[in-house]
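Subject: Structure for your review

Dear colleague,

Please find below the structure that I am handing over to you. I should be grateful if you would read it alongside the notes that come after it.

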Amino acid sequence: MIKTTFALVLAVAFSSFRPSPALTPAEGEGYDIGSEVADIQLKNIDGKMVSFSDFKKEKGLIVIFTCNTCPYAIAYEQRIIDLDKAFRSQGYPVVAINPNDVNRQPGDSYEAMQQRAKEKGYTFPYLQDETQQVAKAFGATRTPHVYLLTRNDSGNFQVSFIGSIDDNYDDPSQVENHFLEDAIKAVEGGKAPDPAKVKAIGCTIKWRES
Amino acid sequence: MRQRFLPITFFLAVLAGITVATAQQYKAVTVDQLDARIAAGQDSVFVINFWATWCAPCIRELPYFDELQAAYARQPLKVLLVSVDAPSKAATSLSSFLKKRSVQSEVLHLNEAKPHEYIDRIAPEWSGSIPATLIRSPALDRRLFHEGEMTSEELKTLVKSIIDQP
């Protein structure tokens, strides 16, 4: 059985190839709650490289694997912009990472990312994970796929929450559970987020073909 | 002059009527309603495919489900194509898709806004990605879940495995 992924109909992307199962990381691989994360070095839309170690004073980071093209990512885009506005000043800025293979999803090219960020006025880094190594290290499978990083006793970033921003992608006015915001509040209150993990609802990351 | 064109106009009107009539209408269902439908199906084997109009692998797979339904036309097997298009967008996205594409099997729209809730209720082992296919037979007390795209052969084998189980 071939374990495959979503692909978008946008731009009539009816490609004939099929993703190779071996290249698709299984659910549950990568970082878990409590994992210390390795530093990254990815190119931002302004041409500069961004690392987690650039964030010296921040209490944490809202790392979101997302993209230009997935309907779920598009539905959450404004909420991601709003999260950065709300939490940057509290010490938790957003770091958005686009992991999609550009060959499979031309709408996620570096140029398209630049254009999108400009149009929507992104106030946060929007990084291209060209080799997909960062997405694999995190164990990200979806766009959007949310990770809350917080500083541990050693001063390093560790994973404190994994999953979705909230429980209603379709209608922000009908959200009942603000998973990510609740997780930040818990951490701020000196508690462990509960739930620390929820399903990430989104499109499957477009992994590179071999 | 006027009379000469009348039959043509009539013919075109009939043709237009037929075209409209063949575009499948979908019914919106909640998870509870879907469960009730399956429970009421008694002797049937339900092959329930979860898809969306924006999911290319899902759309590649749709004809295989139509083929399956045709192959089992004389047996109690029912294909249900359940779209998980966003409830706020289904009225446009799903309707226009069904107007453009000829889909033979019955189409339903999952009228549930909260994936964290409905995914587990449909299949606890489901990560939520589509396409995903659930086969349920209340009469045989059998259930099978498959996540990911299938070829026509893989789908047939999967269905056979549940029907031919000793």
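The notes below cover confidence, the sheet of chain B, one of its helices and the nonpolar cores.

This is a predicted model, in which local features need pLDDT of at least 70, side-chain atom pairs count only at pLDDT 80 or more, and totals for chains, interfaces and linings use all residues. Residues are numbered from 1 along each chain as its sequence is written, while chains are lettered from A and ligands numbered from 1 in the order in which they are written.

The predictor assigns the complex an ipTM of 0.82 and a pTM of 0.85. For chain B the mean pLDDT (the predictor's confidence in each residue, from 0 to 100) is 88, with 86% of residues at 70 or more.

Chain B holds an open sheet of 6 strands (E runs in DSSP of at least two residues, numbered from the N terminus) in the order β1-β4-β3-β2-β5-β6, with mixed pairing (at least two DSSP bridges between two strands). Its edge strands are β1 (27-29) and β6 (142-147) of chain B. Strands β2 (45-51) and β5 of chain B run antiparallel and are joined by 5 bridges; F46(B) stands opposite R136(B) of β5(B).

In helix α5 (115-122) of chain B (helices are H or I runs of at least four residues), P115(B), H116(B), I119(B) and I122(B) are buried (20 or more other C-beta atoms within 10 Å of the residue's own, placed from the backbone). They lie on the same side of α5(B), because they cover an arc of only 145° around the axis (taken from the directions from the helix axis to the C-beta atoms). These buried residues pack against α2 (31-40) and β5 (132-137) of chain B.

The largest nonpolar core (buried Ala, Val, Leu, Ile, Met, Phe, Trp, Tyr and Cys residues joined through C-beta atoms within 7 Å) has 51 residues. Helix α1 (71-87) of chain A gives the largest share of this core, 7 residues.

Yours sincerely

Methods:
A residue is buried if 20 or more other C-beta atoms lie within 10 Å of its own, exposed if 12 or fewer, and partly exposed in between; C-beta atoms are placed from the backbone. Two residues are in contact if their C-beta atoms, placed from the backbone, lie within 7 Å.
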